[in-house]
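This report describes the fold and the interior packing of one protein chain. The sequence and the structure are shown below.

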Amino acid sequence: MSTPITTTAASRTLTIATGMAITVTEFGTDTAGTGVLYLHGGAGPRTMLGLAGALAEHAYGIVPTHPGFDGIPRPDRFDSMADLAEAYLDLLDELDLRDVMVIGNSVGGWIASEMALRDNRHRIGAIVLINATGIKAAGEEQVTDVRGMAPAQMSELSFANAAFRPDFAALTDEQRAGMAANQRTLAVYSGGAFTHDPKLRRRLHRISIPALVIWGEADGISPLAYGRDYAAAFGDGHFAPIAEAGHFPQIEQLGATLAAIGDFVETVVKDTVVKDTVVKPA
């Protein structure tokens, strides 16, 4: 897949079946009744905008802001990854999209997994997890609990290339307060274990749609072995390591990330659609 021209984005707020409002940034136009849903992690929706813009020539894209992030209100009792997963399935219903690819980074990958487990209306065609959290791996390597870490320390663990690390000294008081509020919201959604749901991994084999797990090899938060274990837990899991990238390969190595997604679409997702359509039970 070649890197396409970035398409202009527009934001709007949609109301889902429960009456909750969800703010989204849209890339491209829905002309085929399908698209890509991009789910951000604790660093906020801006971490997914570059990837969504790069893929906009190929597919309509939606980047929601999780309620509680970036000043968006979080409703009372809306406080878990399951709540987010169900809300985004309602969003797909509201947009009437099918064969959707859900791409999630960090906790966004956790939400994508929860969505796939709950997708009883078959809205999702494939999922892509990018340095995701959410499981307790079978091996010894687990996600680092970053609660209590200074932002600069978290950034050092997150980016392989120092050039991508934010200059925290240059942030305004308002920006610092916004980052702190996002982290408090993340802690609410993540629950007591913070980095995972102890029961999630054993459920992932029930997901039959294709799942690609992309992993920045130099991630100091979610180690490479953890990513391999995540991929192995799915019924149809695939793994793509990205060199010279940390927790955000879609930022540090956008071209390699696009190539991994493109190969997945061409060799796995399309084949699956063909098989489901053409190969009939005897």
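Is Trp110 buried or exposed? The model is predicted, and in it Trp110 has a relative accessible area of 3%. Because this value falls under the 20% limit, Trp110 counts as buried.

## Surroundings of Trp110

Trp110 belongs to helix 3, which covers residues 107–118. Beyond the residues up to four places away in sequence, Trp110 touches Met81, Ala132, Thr133, Gly134, Ser190, Phe194, Thr195, His196, Asp197, Leu200 and Tyr230. Gln253, by contrast, is separated from Trp110 by 143 residues in sequence and by 21 Å in space, C-alpha to C-alpha.

## Helix 3 and the loop before it

Helix 3 consists of twelve residues, and the distance from its first C-alpha to its last is 17 Å, close to the 16 Å expected at 1.5 Å a residue. Ten of these twelve residues are buried, so helix 3 is largely enclosed by the rest of the structure. The buried positions are Val107, Gly108, Gly109, Trp110, Ile111, Ala112, Ser113, Glu114, Met115 and Ala116. Their cover includes strand 3, strand 5 and strand 6, together with helix 2 (81–95), helix 5 (173–190) and helix 6 (224–233).

The loop between strand 5 and helix 3 contains Ser106. Ser106 is buried as well, with a relative accessible area of 10%. Outside its neighbours within four places in sequence, Ser106 is in contact with Gly41, Ile130, Asn131, Ala132, Thr133 and His247.

## The sheet

Eight strands form an open sheet with mixed pairing, in the order 1-2-4-3-5-6-7-8. Its edges are strand 1 (9–15) and strand 8 (237–242), each of which pairs on one side only. From one strand to the next, the twist averages 20°. Helix 1 (residues 46–55) packs on this sheet and touches strand 2 (21–27), strand 3 (36–39), strand 4 (61–64), strand 5 (100–105) and strand 6. The direction of helix 1 makes about 165° with that of strand 3.

Two strand pairs illustrate the mixed pairing of the sheet. Strand 1 and strand 2 run antiparallel and are joined by seven bridges; Ser11 has Thr25 in strand 2 as its bridge partner. The hairpin of these two strands has five residues between them, and Gly19 in this hairpin takes a positive phi near 95°. Strand 6 (residues 124–130) and strand 7 (residues 211–216), on the other hand, pair in the parallel sense over four bridges. In strand 7, Ile214 is the bridge partner of Ile130.

## Nonpolar cores

Which residues of the largest nonpolar core touch the most other members? Among its 54 residues, these are Leu37, Leu91, Met115 and Tyr230. Helix 2 provides the largest share of this core, with nine residues. Apart from this core lies another, of 26 residues, with Ala240, Ile242, Phe264 and Val268 among them.

Tyr230 also links back to helix 3. Setting aside neighbours within four places in sequence, its contacts include Gly109, Trp110 and Ser113. Further contacts of Tyr230 include Leu129, Ala132, Thr133, Gly134, Ile135, Leu200, Leu204, Val213 and Trp215.

Notes. Residues numbered from 1 in each chain as written. Predicted model: local features only at pLDDT ≥ 70, side-chain atom pairs only at ≥ 80, totals over all residues. Heavy atoms only, no water. Pairing = 2+ DSSP bridges. Axes fitted to C-alpha atoms, helices over the stretch in contact; angles between N-to-C directions. Contact = heavy atoms within 4.5 Å. Buried < 20%, exposed > 50% of the residue type's maximum accessible area, 1.4 Å probe, protein only. Expected span 1.5 Å × (residues − 1). Core = buried A, V, L, I, M, F, W, Y, C linked by side-chain atoms within 4.5 Å.
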